[in-house]
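Hello,

Here is the structure I promised to pass on to you. Please have a look at it, and then read my notes below.

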Amino acid sequence: MEVFLTTLKAVIDSLGATVVLPIIIFFVGLVLGAKPGKAFRAGITIGIAFIGINLVIGLMWGSLSDVAQAMVTNWNITRDIVDVGWPAAAAIAFGSDVGLWVIPIAILVNLVLLVFKVTKTLNIDIWNYWHFAFLGGMVYMVTNNLTYGLVAAGVASALALFLADWTAKAVQSFYNLPGISIPHLTTAPGVPFAIITNWILDRIPGVKDWKVDSDTIQKRFGVFGEPIVLGLVIGLALGALGYYNAESAAVKILQTGINLAAVMLLLPRMVQILMEGLIPISEAARDFMKKRASDREIYIGLDSAILIGNPAAISSSLLLVPIAILLSIILPGNRVILFADLAVIPFVVALFAPLMKGNIFRMIVAGTLELAVGFYIATAMSPLFTAAALNAGFAMPEGASNITSIADGFIWPQVLFTKLAEMFGIVGIVATAGILAVVWFLFSKNTKVWEVAAGAPAEKK
C-alpha cells in the first residue's frame, strides 16, 4: 500500500495540477454521464485555462516580489521571520508522512460525507489537498504521533468542505459560477473577517454608505476607471514606492505599471476560458443528480484561482501590498517581513467580494484586519513552521533563521489544530472535529441565514 501511495504521490507531483486536474475532470465527467468527447474537451480546456491563470499569476508574483524587495530595502526593514512563500508550506505538507496518505484520506472523508448527505461539495482540487497535509503535518510535529496527524488531516479536509458549502451560493451568484464551490483553505478561512468587518462598517455613519466597487469607479472616472487603467495606476504607484531611487527608475516603474495592467486584463480572460470547460461538467452533475437523487444539489469544488480574475479582488489585493508591508513595520511585537507570498493576497480576499458586493474599500479594510491578525499568528507559530520545514527537507534561504508564509502560516486553522493537539493530544483533535460538527449542524438547521451571512443573495419578499 505504501509503495502504491508513494508512486501515486510522485506521479501527481511530477505531472502538476495543470495535468492532473484535466484527467480528473475527464473521469468525473464520464461518471456524471457526460459524453466522452465533451468530457475530454472540458478537461483539456480547464487544463489550458489553469496554465493561463498560472502564467498570469506568475507575472503578478514576479512584479510584486520585486517591488516588495525594493520597498523593504528602501525602508530598511529587518525582521527575523522571513516570508518564503507557499512552497515552504507545501514542502511541509508533501514532505511529511502525512502527505503520503492525505489524498486517500481526503477522498474517503469527502465520499463518506457526500453519501450521508452532510456535504454537497465534491472536492476535485486534489493538488490543494496539501493544505490538509500541512495542518496534519503540524499536528504530527507537536504530538510526534503520525496517527494524530492523519486524523487531523481528515478533519481539515472536512473543514474545507464545510467552508465550501457555506460560501457556495455566494460564489455562484457573485462570480456567476453555477454549481461551483471553493474548498480552498487559503481563501475560505477569511470569511469570518469579512463578516466582522461588514458588521462594523454598517454601523459607522457615512462610511456605511461608501460605494467603491468597480462599476461605480468606472462610471465616475470613465476610461480612467476601467480595470486595466486601474491596474496601470496601481502598478505605477507601487513601482514608484519601490523604485524611486533605483537605477533606471522610470523603466522599472513603467514596467510594473504595464505588468499589473496586463494582469487586470488577462486574468478575467483566463477565467472565461475556464468557465467554457466547467459548464459541461456542471450541467452533467445537475442532470446526474436530477435523475438519481431527486434533484439533490452537488457542487464541484475547485481552486480559488477561478475567483481572482474579478477586478475588485485584484484591485483590493494590489492596494493591500503596501499596507501589508506597512503593517509589518508598525505592528508591535511582529517579527515577520513579507516578501515571496504577497501575490497570494488575491486568494486571501477573493471570498470577501460576494459579501461586500465588490466594495474595494471594505475588502481592503477586511484584508487589513485579516493580515494584522495573521502577522501575530505567523510570529507565534514560526518556530513550529520552521522546524516542520526543516524536518521535511525544505532548503532554508540564506541568512534566514525562521520562516513562514501567508498561504498557510497566517490562517487561524493552524492555531486551532496545533494548539488543541499540543495541549490535549487526540482529545484536542476530537474536540476540533466536535466543534466543526456542531457548527455544521447549526448550518444545516438554518442554511439560508448562514449563506446570506457569507454573501449569498437574500430571498426576495
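What follows is a short tour, from the overall fold to one side chain.

Please keep in mind that this is a predicted model. The protein contains 19 helices and six strands. Along the principal axes, its C-alpha atoms fill a box of roughly 60 × 50 × 45 Å. The radius of gyration is 22 Å, which agrees with the value near 23 Å for a compact globule of 461 residues. Buried residues account for 55% of the 461. Of the contacts between residues at least 6 apart in sequence, 81% link residues at least 24 apart. The exposed area comes to about 19400 Å², with 67% of it supplied by carbon and sulfur atoms.

Next, a sheet. Three strands make an open, parallel sheet in the order β5-β1-β6. Its edge strands, β5 (336-337) and β6 (402-404), each pair on one side only. Strand β1, residues 81-83, pairs with β6 in the parallel sense over three bridges. There, Val82 stands opposite Ile403 of β6.

Finally, the side chain I would like you to look at is that of Asn198, in helix α8 (residues 191-201). Is Asn198 buried or exposed? Its relative accessibility is 11%, and buried means under 20%, so Asn198 counts as buried. What does the side chain of Asn198 reach? The partner is the backbone oxygen of Leu355, at 3.4 Å. Beyond its neighbours within four places in sequence, Asn198 is in contact with Leu355, Met356 and Arg362.

Enjoy looking around!

Best wishes

Note on methods. Residues are numbered from 1 along each chain as its sequence is written. This is a predicted model: local features need pLDDT of at least 70, side-chain atom pairs count only at pLDDT 80 or more; totals for chains, interfaces and linings use all residues. Side-chain values use heavy atoms; hydrogens and water are left out. Two strands pair if DSSP finds at least two bridges between them. Helices (H or I, at least four residues) and strands (E, at least two) are DSSP runs, numbered from the N terminus. Buried means under 20% relative accessible area, exposed over 50%, partly exposed in between (1.4 Å probe, protein chains only). A polar contact is a pair of N or O atoms within 3.5 Å; within protein, one must be able to donate a hydrogen and the other to accept it, and residues adjacent in sequence count only if both atoms are side-chain atoms. Contact means heavy atoms within 4.5 Å. The radius of gyration is taken over C-alpha atoms; the globule rule is 2.2 Å times the number of residues to the power 0.38. Accessible areas come from the Shrake-Rupley method with a 1.4 Å probe; for residues, only the protein chains shown count as cover.
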